[in-house]
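Visitor: I should like to go through this model term by term. Please set each value against its definition before drawing a conclusion.

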Amino acid sequence: MTKRILIRGAALADGTTTDILVADGLVAELGAGLSDAGASVVDAAGLIALPGLVDLHTHLREPGYEHSETVLTGSRAAAIGGFTAVHAMANTSPVADTAGVVEQVQALGDAAGYVTVRPVGAVTIGLGGTQLAEIGAMAQSRARVRVFSDDGKCVSDALLMRRALEYVKTFDGVVAQHAQEPRLTDGAQMNEGALSSELGLTGWPAVAEEAIIARDVLLAEHVGARLHVCHVSTAGSVDVVRWAKARGIPVTAEVTPHHLLLTEDLALTWDARFKVNPPLRSRDDVDALRAGLADGTIDVIATDHAPHPVEEKESAWSDASFGMVGLESALSVVQASLIDTGVLGWVDIARLLSSAPAAIGRVAGYDRGIAVGAAAEFTLVDPSASREFSTEELRGRSVNSPYLGMTLPGRVMMTVHSGYPTVVDGEVVATEFVAAAAAESRGFTRG
Amino acid sequence: MRHLLSTKDLAREEAIVILDVAEDMAEVAGREVPRLPALRGKTVVNLFYEDSTRTRISFEAAAKRLSADVINFSAKGSSVSKGESLKDTAQTLAAMGADAVVVRHPASGAPDVLARGGWIDAGIVNAGDGTHEHPTQALLDAFTIRRRLHGAAARGHGLDGCRVTIVGDILHSRVARSNVWLLTALGARVSLVAPATLMPVALDRWPVELGYDLDAAIAAGPDVIMMLRIQAERMHDAFFPNAREYSRQWGLDDERMAALPERSMIMHPGPMNRGLEISAGAADSPRSTIREQVANGVSVRMAVLYLLLSGAMEGKA
C-alpha cells in the first residue's frame, strides 16, 4: 500500500502553513499547493502539525497484567494522544529483564502497528535491586534496548547504581532512575506536608526524591555516564538538576503532565484516582516544574501512563494502587498548563514531546521533525477544541484518569505513523486496518 | 446531619447541639429503664475493620438504648479480609437495609469513601479511620470537659478559654486530630506536646501551640491534660529510643501530677499503658476523667445516632 496522503494547509509548530505530502512512509514534499494526484486529501485548516509524539515512560502492562492494559490497547491510547512511539516500562510479569521478554513486547507492538513500541529493560533482575539484569543481551536483542529502568522501584543501593551507570554506558544506553529513597517513603501515601498531617496519610517527603537525584548526578559525573531522571516532581529536584547541568553532568530529566497541572489538595476528595507515585505536590512545586521546562532544566514530558482496573481505585486511599492513565490526555494537559498559560510555545512542545525523548531513547527518525525525506510520523491537533474529558475520550483498557469531568483544551484529529494513518477525524483507525498497514509497511521497508 | 465523618468540618453551633442532645441522653441513662423508642425500626450496623471492643460496645449500647436494631459486622477475619472490597461490603449492607453504618477502618478516609461512593444510602459515622479522625471520641472528650466545668448547667456552653494540653504520639493519633479541630471550634486553646519525631510535619496551619517539654507544659497550669496511648513498638522505627526514656520525658507520673494545679483534669482516650504514658496514680486519681469518658461515650454516641437517623439536624453538615 504505497498510499499517498496529502495534508492540506496545516500549521507547523513554528506557525508557518504548509501542505504535507506523505508517500512510501516518508514526508515526500512540503510547501503550498502540492498536487493531490492519487492521494487522499485531509483538510488541516486550523490544525497544528506536530512531529509524532514520543513517550519515554509508558506502562503497557503486557505480559502479565492484561486486565489493566495490553500492548494493543495501550498503543491505541497512545495513537489517540498523538503519539507514534512509546517506551514500554519493564515492570511486567515476567519482568522485562531478559532478551526474550523485550523481544516479545516489541513484536506485540509491531503487530499492533499503532506506534513504535520501544521496550525498556530492567536494570536489575526482577526489579529486585540486587543483581544486574542481562543488559547486554537486551541491548543486542532484536529490540535494541537503550533505556534501562527499574521504574516503580528505585535503584537505591548506591554501589549497584554506580555499576549500572557504568555498565549501561558500555551499550550506549541510559539508566532511567525512579528517584525514591525507599526508607524515607515506607508506606507513603501522598506528598508530605500540612495536608498529609491533617488527613493522617503517611507522607512522601520531597527529600526522598531530591536526595536520590543528588546522589545519582554525582555518581553520573564520577563515572562519566548518562543519567535520566524519571518523573521529577519537586521544586528541590529541579534545583538539583539545574545545578548538575550547570556543572556539565550528562543528566536529563522528565516531568509528567499531571505534575504540571494537578496539586496535592485533590487528596481532600479521598478519590484514589488522584493517588500517584511520585505524589501530586504543592502549587509551588508545579510552578517550579513549569519554570524548569522553560529554562531547559527539564528535557522531556513523559506520561507515566499507568493503567489500573476499577477495583484497584474504588477503595480507601491507602488500599488503592498508585498511578493514572495519561496517554490520551497528555497533549491537552500540556496545552492547558504550558501553552494556554504562555509558559511555552508549540516549538518547545515539539522538542519536549518528540525530538528530545527520541534522542534520549535513541529512537531513529525524529531528529528533524516534519521534514522532507523524514519518516512520516506526525499528528494534527486542533488547539481551539475544548472538551469535557470523560471515559469516552479514553482508548486504553483502563479508565483511571484524574481528568474525568474536567474541561481540557485541544484535541488530536489525526495521527500518522510510518506513513499510514492511525487516527482519522479524531477517531482511532480500526485495529485490523492498522495491523494490515503495519504489515505492509514492514514488507515495504524490507523490500 | 447526614454523616459524621470528621470534626474538621463541624461548626461550633453544630457541635454544641450534639453535646446538648448528649446531655438529654445522659439523663435517660439515669432512669430505671434507660431506653428510648426514638430509633425503633432503624438498623445500625457496626462495621469494624479493626478490633476495638470498647468503641464497638459503646456504639452498640448507644443504638440499643435508642431501640434500634444492631448488627455487628466484624470485618476482620471475615469475607472482607479475604478480599471483599469496601464497595461490595457497602452494597451488601445497603441490601440489608442499614440505616446507619458505624465504621472503624485502618485506612484514613475510608468512611469518606463509603459516604461518597454512592454504594449505600445510609448515614455514615466515623468510629476511627487510620490516623485521620475519631470524631465521637473528641465529642465525648468535649462533653466530659464541659460537664466538669459547668456541671448540670452545661447546656449551650462551649469551652471558651479552656486550656487543653495533648501529650504523646500526635503523629499517629486520630484522637488528637479530632480534638484539635473540635476543641478549638468550641473556643478552647489547645497545645500539643511530643518529641519532634511524633509531631506531624508543617503544623503552622494548625490552630495550636507546639512544645516538646512536658514539664514546661505542666508548669503553665493547663485545665486539661490529655495523655495519648503510646505504642512501645514505635521505638523500632526510631521514633524514640525506648519506653523508659519516653516515660521519663513524656509520661505523666505521680510527681508531674502533683505539679498540676488542683483543677486540672487528667484525660486518656484509652486503652492505657499504665506505667508508660500514665502512672497508675494519675489514672486512678479523682482528677482523672477516664471512667467518666467511657460513660459519656455512650451518651454522645446516642446523640450522634439520634441526630443522624431522626433527621433532627437535616440539611446541616
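Guide: In this predicted model, Pro135(B), Gln137(B), Ala138(B), Leu139(B), Asp141(B) and Ala142(B) of H5(B) meet Val175(B), Ser178(B), Asn179(B), Leu182(B) and Leu183(B) of H6(B); two residues are in contact if their C-beta atoms, placed from the backbone, lie within 7 Å. Local features need pLDDT of at least 70 and side-chain atom pairs count only at pLDDT 80 or more, while totals for chains, interfaces and linings use all residues. Residues are numbered from 1 along each chain as its sequence is written, with chains lettered from A and ligands numbered from 1 in the order in which they are written.

Visitor: How do the residues of the contact of H5(B) with H6(B) divide by class?

Guide: Seven are nonpolar, three polar and one charged. Ala, Val, Leu, Ile, Met, Phe, Trp, Tyr, Cys and Pro count as nonpolar, Asp, Glu, Lys and Arg as charged, and the others, Gly among them, as polar.

Visitor: Why are H5(B) and H6(B) called oblique to each other?

Guide: H5 (residues 135-150) and H6 (residues 174-185) of chain B pack at an angle of about 55°, with axes 8 Å apart. Angles under 35 degrees count as roughly parallel, over 145 as roughly antiparallel, 65 to 115 as roughly perpendicular and the rest as oblique. The pair is therefore oblique.

Visitor: What makes chain B as compact as a globular protein of its length?

Guide: The radius of gyration of chain B, taken over C-alpha atoms, is 19 Å. The globule rule (2.2 Å times the number of residues to the power 0.38) gives 20 Å for 317 residues, which is close, so chain B is as compact as a globular protein of that length. Its C-alpha trace spans about 55 × 45 × 35 Å along the principal axes.

Visitor: Which element supplies the largest share of the side of chain B that touches chain A?

Guide: On that side, 20 residues of chain B are in contact with 16 residues of chain A. The largest share, three residues, comes from H4(B).

Visitor: Why is Gly426(A) called partly exposed?

Guide: Gly426(A) has 15 other C-beta atoms within 10 Å. A residue is buried with 20 or more such atoms, exposed with 12 or fewer, and partly exposed in between, so Gly426(A) is partly exposed. Gly426(A) lies in the loop between strands E18 (420-424) and E19 (427-428) of chain A. Not counting residues up to four places away in sequence, Gly426(A) touches Arg411(A), Val412(A) and Met413(A).

Definitions and conventions: Axes fitted to C-alpha atoms, helices over the stretch in contact; angles between N-to-C directions. Helix = DSSP H or I, 4+ residues; strand = E, 2+ residues; numbered from the N terminus.
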